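Please open the structure in a viewer and keep the selection tool at hand. The tour proceeds by selection, with a short account of what is found at each stop.

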2 protein chains.
Amino acid sequence: MNSDPATRIRALGARVTPARLAVLRLLEGADRALSHHDVEAALSDLDIDRVTLYRVLDWLVESGLAHRVTDAQRVFRFSLAAPNAPQHDQHAHFRCEDCGKVFCLDDVQIAQPALPKGFSAKSVGLSVTGQCAQCDRHTAAK
Amino acid sequence: MNSDPATRIRALGARVTPARLAVLRLLEGADRALSHHDVEAALSDLDIDRVTLYRVLDWLVESGLAHRVTDAQRVFRFSLAAPNAPQHDQHAHFRCEDCGKVFCLDDVQIAQPALPKGFSAKSVGLSVTGQCAQCDRHTAAK
DNA sequence: CACGTTAATGCAATCTTGTTGCATATAATC
DNA sequence: GATTATATGCAACAAGATTGCATTAACGTG
């Protein structure tokens with residue numbers, strides 16, 4: 001039901017290139033939102049240009065395949081959009097204060113808040129910070 | 001009950017300087033979170049150094065007088081902390097997609113979401129995007 | 001399968017936001 | 001008014017992201 005990366009790329013009318021394939025596969029396998037830096041490090045053996053990665057990531061967001069989140073350190077992080085998600089106008093993330101990793105909270109339902117008169121919401125994002133399971137274990141183990 | 005800027009600054013054991021007074025007054029009168037850029041523009045006649053503004057804003061955050069938010073454009077925005085707010089471990093913001101302004105949604109109550117096993121939340125932030133009242137009016141007027 | 005077209009890429013330069021080090025100025029105290 | 005620690009101003013730096021432009025390569029066509 002969720003076709004392979006190459007097919008998905010072609011379905012968007014875009015060319016299938018090594019960079020796009022690699023980034024798409026990487027994000028598919030990631031359990032958290034990755035920054036440009038993360039992606040660069042993970043794909044370092046492919047020797048893809050920094051700028052190309054930026055452009056691939058931008059393209060992913062523009063074509064709706066991925067989300068872009070800004071973390072507290074003001075860097076962009078990218079996570080694959082759930083292919084059959086409710087057209088993502090809401091998204092929740094968790095950022096661990098210890099290790100800095102960002103996780104997607106896919107199954108959190110966000111309540112639409114009441115807005116001042118005249119305001120209309122298009123999307124709602126929830127960002128939670130705290131301690132992730134791994135870091136919590138470390139602390140507890142002390 | 002909420003004393004004047006100079007007194008508030010002194011109460012923190014800090015010196016009362018033109019830059020601090022000006023920034024504090026500006027934020028007090030602002031109905032939305034201001035970026036460093038916003039502040040610089042608003043106080044341009046005072047000819048305060050860029051770095052000084054950064055330091056004043058940092059100082060405001062450190063001393064608990066203001067909050068720092070990161071918006072989707074990866075710039076920091078600052079808003080005065082409500083002096084008797086529920087010690088801000090949750091905060092909601094609205095960002096207008098048309099004019100780019102960021103508003104604080106002070107009276108929105110954020111529900112603590114369910115987290116994966118082992119995760120613990122320390123703070124929760126809600127960010128809503130859409131159209132603010134003013135921009136909505138413009139669109140409608142067309 | 002060679003060819004041509006056009007989208008992608010690579011590289012260098014640039015921009016934006018924010019930070020740091022250090023000499024100088026100034027708010028507060030006496 | 002003199003003293004002193006705190007703030008400021010300036011210049012340099014740093015990291016993340018963007019832009020312009022020449023070159024490469026994906027893919028439809030013959």
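**First stop: DNA strand C**

Select DNA strand C and display the protein atoms around it. Of the strand C atoms within 4 Å of the protein, 61% are sugar or phosphate atoms, and the remainder belong to bases. Please bear in mind throughout that this is a predicted model.

Next, extend the selection to the 24 residues around DNA strand C; those that come nearest are T17(A), T52(A), R55(A), V16(B) and F76(B). Colouring this surface by residue class gives 10 nonpolar, 3 polar and 11 charged residues. In terms of secondary structure, α2 (18-29) and α4 of chain A, together with α4 of chain B, each supply at least two residues of this surface.

Three side chains deserve individual selection here. Which part of DNA strand C lies 3.0 Å from a polar side-chain atom of R20(A)? The partner is a phosphate oxygen. For R74(A), the partner of a side-chain N or O atom is a sugar or linking oxygen of strand C, at 3.2 Å. For R50(B), a polar side-chain atom is placed 3.0 Å from a base oxygen of strand C.

**Second stop: the loops of chain A**

Keep R74(A) selected and display its backbone. R74(A) belongs to the loop between β2 (66-70) and β3 (76-80) of chain A. Its phi is positive, near 55°, in a residue other than glycine. R74(A) is partly exposed, with a relative accessible area of 31%.

Now move to D47(A), in the loop between α3 (36-42) and α4 of chain A. D47(A) is not a glycine, yet its phi is positive, at about 60°. Is D47(A) buried or exposed? D47(A) is exposed, and its relative accessible area is 69%.

**Third stop: DNA strand D**

Select DNA strand D and the 23 residues that surround it; the closest are V16(A), F76(A), T17(B), T52(B) and R55(B). Sugar or phosphate accounts for 61% of the strand D atoms within 4 Å of the protein, with bases making up the rest. The surface near strand D contains 9 nonpolar, 3 polar and 11 charged residues.

Colour this surface by secondary-structure element. At least two residues each come from α4 (50-62) of chain A and from α2 (18-29) and α4 (50-62) of chain B. Which element gives the largest share of the surface near strand D? That element is α4(A), with 5 residues.

Three side chains may again be selected in turn. A side-chain N or O atom of Y54(A) is 3.4 Å from a phosphate oxygen of strand D. R20(B) places a polar side-chain atom 3.0 Å from a sugar or linking oxygen of strand D. R55(B) has a side-chain N or O atom 2.5 Å from a base oxygen of strand D.

**Fourth stop: helix α4 of chain B**

From R55(B), extend the selection to the whole of α4(B). The 13 residues of this helix should span 18 Å at 1.5 Å a residue, and its end C-alpha atoms, 19 Å apart, agree with that expectation.

Within α4(B), select the buried residues: L53(B), V56(B), L57(B), W59(B) and L60(B). They lie on the same side of α4(B), because they cover an arc of only 160° around the axis. On the other side of the helix, R55(B) and E62(B) are exposed. To see what the buried residues pack against, add α1 (5-11), α2, α3 (36-42), β2 (66-70) and β3 (76-80) of chain B.

Both ends of the helix merit a view. At the N-terminal end, D49(B) acts as a cap, with a side-chain oxygen 2.9 Å from the backbone nitrogen of V51(B). The residue G64(B) follows α4(B), and its phi is positive, near 85°.

**Last stop: A6(A)**

Finally, select A6(A), in helix α1 (residues 5-11) of chain A. A6(A) is buried, with a relative accessible area of 15%. Leaving aside residues up to four places away in sequence, A6(A) touches V16(A) and L21(A). V16(A) was encountered earlier among the residues closest to DNA strand D. Adding R25(A) to the selection shows a C-alpha separation of 9.9 Å from A6(A), for two residues 19 residues apart along the chain.

Key:
Residues are numbered from 1 along each chain as its sequence is written. Chains are lettered from A and ligands numbered from 1 in the order in which they are written. This is a predicted model: local features need pLDDT of at least 70, side-chain atom pairs count only at pLDDT 80 or more; totals for chains, interfaces and linings use all residues. Side-chain values use heavy atoms; hydrogens and water are left out. A residue is near a molecule or strand if one of its heavy atoms lies within 4 Å of it. A polar contact is a pair of N or O atoms within 3.5 Å; within protein, one must be able to donate a hydrogen and the other to accept it, and residues adjacent in sequence count only if both atoms are side-chain atoms. Helices (H or I, at least four residues) and strands (E, at least two) are DSSP runs, numbered from the N terminus. Ala, Val, Leu, Ile, Met, Phe, Trp, Tyr, Cys and Pro count as nonpolar, Asp, Glu, Lys and Arg as charged, and the others, Gly among them, as polar. The expected span of a helix is 1.5 Å times one less than its number of residues. Buried means under 20% relative accessible area, exposed over 50%, partly exposed in between (1.4 Å probe, protein chains only). The arc is that of the directions from the helix axis to the C-beta atoms. Contact means heavy atoms within 4.5 Å.
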